[in-house]
There are 2 protein chains.
Amino acid sequence: MVSVKDVAARAGVSIGTVSNVINRPDYVRADTLARVQAAISELGYVPNAAARQLRAGQSTTIAFVVLDVGNPFFTDVAEGVEDAALEAGLTVVIANSRESVNRETSHLQQFERQRVAGVLLAQTSRHQPHVAALRAHGVPVVLVDRRSSDSSVASVAVDDTTGGALAARHLLDQGCERLVFVGGPSGLTQVEDRLAGATGAVAAAPGATITHVPTQALTLDDGMRVGERVREMVRTGQCDAVFAANDLLAIGVQQALLSGPDPVSIPHDVALVGYDDISFAAAAVVPITSVRQPRAVLGSKAVELLLRESTLGPDDEREHVEFQPELVVRDSSRRATPPRA
Amino acid sequence: MVSVKDVAARAGVSIGTVSNVINRPDYVRADTLARVQAAISELGYVPNAAARQLRAGQSTTIAFVVLDVGNPFFTDVAEGVEDAALEAGLTVVIANSRESVNRETSHLQQFERQRVAGVLLAQTSRHQPHVAALRAHGVPVVLVDRRSSDSSVASVAVDDTTGGALAARHLLDQGCERLVFVGGPSGLTQVEDRLAGATGAVAAAPGATITHVPTQALTLDDGMRVGERVREMVRTGQCDAVFAANDLLAIGVQQALLSGPDPVSIPHDVALVGYDDISFAAAAVVPITSVRQPRAVLGSKAVELLLRESTLGPDDEREHVEFQPELVVRDSSRRATPPRA
DNA sequence: CTGAAAGCGCTAACAG
DNA sequence: CTGTTAGCGCTTTCAG
């Protein structure tokens, strides 16, 4: 393995000078610089990040731990993260916890050992002891897509309660009265908040009800699975509107609703609203009404807060940025003649 | 920062023993072990990966560099990668090159400096000098989704030429004669191969033609953009079938085709075939015929080859695993009465 | 079974 | 401007 030592020997300088060439080129005279750089490329020298980090105590990569890379919502947030990180000269790696606390924990442990420059975390459950550990090791953490209960850790989020209320209210406005909320697992704050918001809106509408049909995860497959059941509910008059905790689920539910021996019609028999407004929502068989979150902005804001962390003391208050969601109405919930209107 | 030294002091042993507790617990007497472990948890000690790697020379994370995390195809491959890596006790991080050679290069450089345990690479362009550099530093590399031209680097791929031929032949069988291939950038081997396969099939069909409508990237947005143009071509009789280089593009094209002042009908006016068979393809307005690749298997096989690398000498031949694609026919290309049948 | 000591590759004083 | 040097935290012989 070629190291500074080899480069130094080749260029006829000391290792200190090689280090200077790499880290503070302006400290070095032009011709020495050139000679060393030549040696570096001739030898194919590549600095060892582990050694540098050990000595300098700092890394230049930040990690983004997501609930599900397969969910376009997160990849959109990731783009915002990447753009902002690039500007700050940071590399970002993505780790996928797949909605499993264990996987999340093991990723966090790994990043803790690596002492990365920062961790952006879309948490599975409210209680994750490792974020404290991370911070104790000087690794800044910012929570993404969740307002942190703990004021000592920064967060960027979208107001999911309002989002849920927005969706439910819209459905009620369309004349629906038997809402079904599809989503899970119940540990996920996003799911809980959206349901809470919807429940609140329904409570304010006399005669309306909302039933929770739980799922194991927020995926297309889960949506299809549970959609069968929802179709039955629609047929038996127990349901005239579905609010899905995210678009993946909504798309899956829609597929199940529209297929099989006796499909139901959307929005006529049942109205459908999703959440996230991923690009596929608009491209579905029946374009899906959805609650939009500012995804890229969420990501870049998270990086901004992360960078700001280094200027903060451990006991300083952290910022909790909260964005407002926006309802995007499409055919899946547009009823010809809203009875209530 | 708490280090082995602190743990050793706390437990009343030497640092060597602490190291043994962590790495070879069976070398240590039971009571010493317990004492040290107690000290570790009381102090909240977390080993420093940089130091360990510097000394031991090995990391335990592998990196998967993808063209586009936003593309469900890659996230599905990633799941296969994660599952296989988990079994081998490896952590995987994902890096997104977003179809940019620069970003790809900078990620590879980063991983080279970090001396990760391995790199799985879905390459943007054929020529990537950094894979040689990586390997020179003892970092095994396997190419994903591309047959490597260089027999010295392992690869797992799906036969894209056959896939392209499959798609085109199917379209011709449906009676289409004016094919349009939508895809780009032209540097991408996947795109080139799929086009080549399609072109070959068209050449064998007297009277049929194929036109290449290039795109900048393989995204939904690009599909929508270029779809406007394709719609015109359909209207003017220059096109009766579209073969998109991937499903994202196909979905975008479909949206453009079906919207606007005078939409065209699918498959009546124009048949549509995509590539990858991502789950959204089946959920589109008109379910999209697609060429399916064994995604998860691709990922797990790649990890398998990566693990095998360590047993190979630098000059040994590498394996090139190639899977066969499969056509999944859906409504978007199913014509009521295929004139040629 | 445990301790002492060397050194992985690099950076950051510091002295010249 | 350049060279020397002392570790960063850890693993790993090698003695005891």
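## Two chains and a DNA strand

In this predicted model, 38 residues of chain A are in contact with 39 residues of chain B, where contact means that the C-beta atoms of two residues, placed from the backbone, lie within 7 Å. The elements of chain A that each supply at least two residues to the side touching chain B are α4, α5 (72-87), β2 (91-96), α6 (101-114), α7 (129-136), α11 (247-258) and α12 (279-282); helices (H or I, at least four residues) and strands (E, at least two) are DSSP runs numbered from the N terminus. Because 100% of the interface residues of chain A are also interface residues in chain B, the copies meet through the same surface.

Chain A superposes on chain B by a rotation of 180° with 0.0 Å of shift along its axis, at an RMSD of 0.1 Å, the fit being by least squares on the C-alpha atoms of residues with pLDDT of at least 70 in both. That is the relation of a two-fold axis, and the C-alpha of chain A nearest the axis, that of A:Val285, is 1.6 Å from it.

Around DNA strand D there are 28 residues, of which A:Val13, A:Ser14, A:Gly16, A:Thr32 and B:Ser3 come nearest; a residue counts as near if its C-beta atom, placed from the backbone, lies within 6 Å of the strand. Helix α2(B) gives the largest share of this surface, 6 residues.

| Surface | Nonpolar | Polar | Charged |
|---|---|---|---|
| Side of chain A that touches chain B | 20 residues | 14 residues | 4 residues |
| Surface near DNA strand D | 13 residues | 11 residues | 4 residues |

Here Ala, Val, Leu, Ile, Met, Phe, Trp, Tyr, Cys and Pro count as nonpolar, Asp, Glu, Lys and Arg as charged, and the others, Gly among them, as polar.

Residues are numbered from 1 along each chain as its sequence is written, while chains are lettered from A and ligands numbered from 1 in the order in which they are written. Local features need pLDDT of at least 70 and side-chain atom pairs count only at pLDDT 80 or more, whereas totals for chains, interfaces and linings use all residues.
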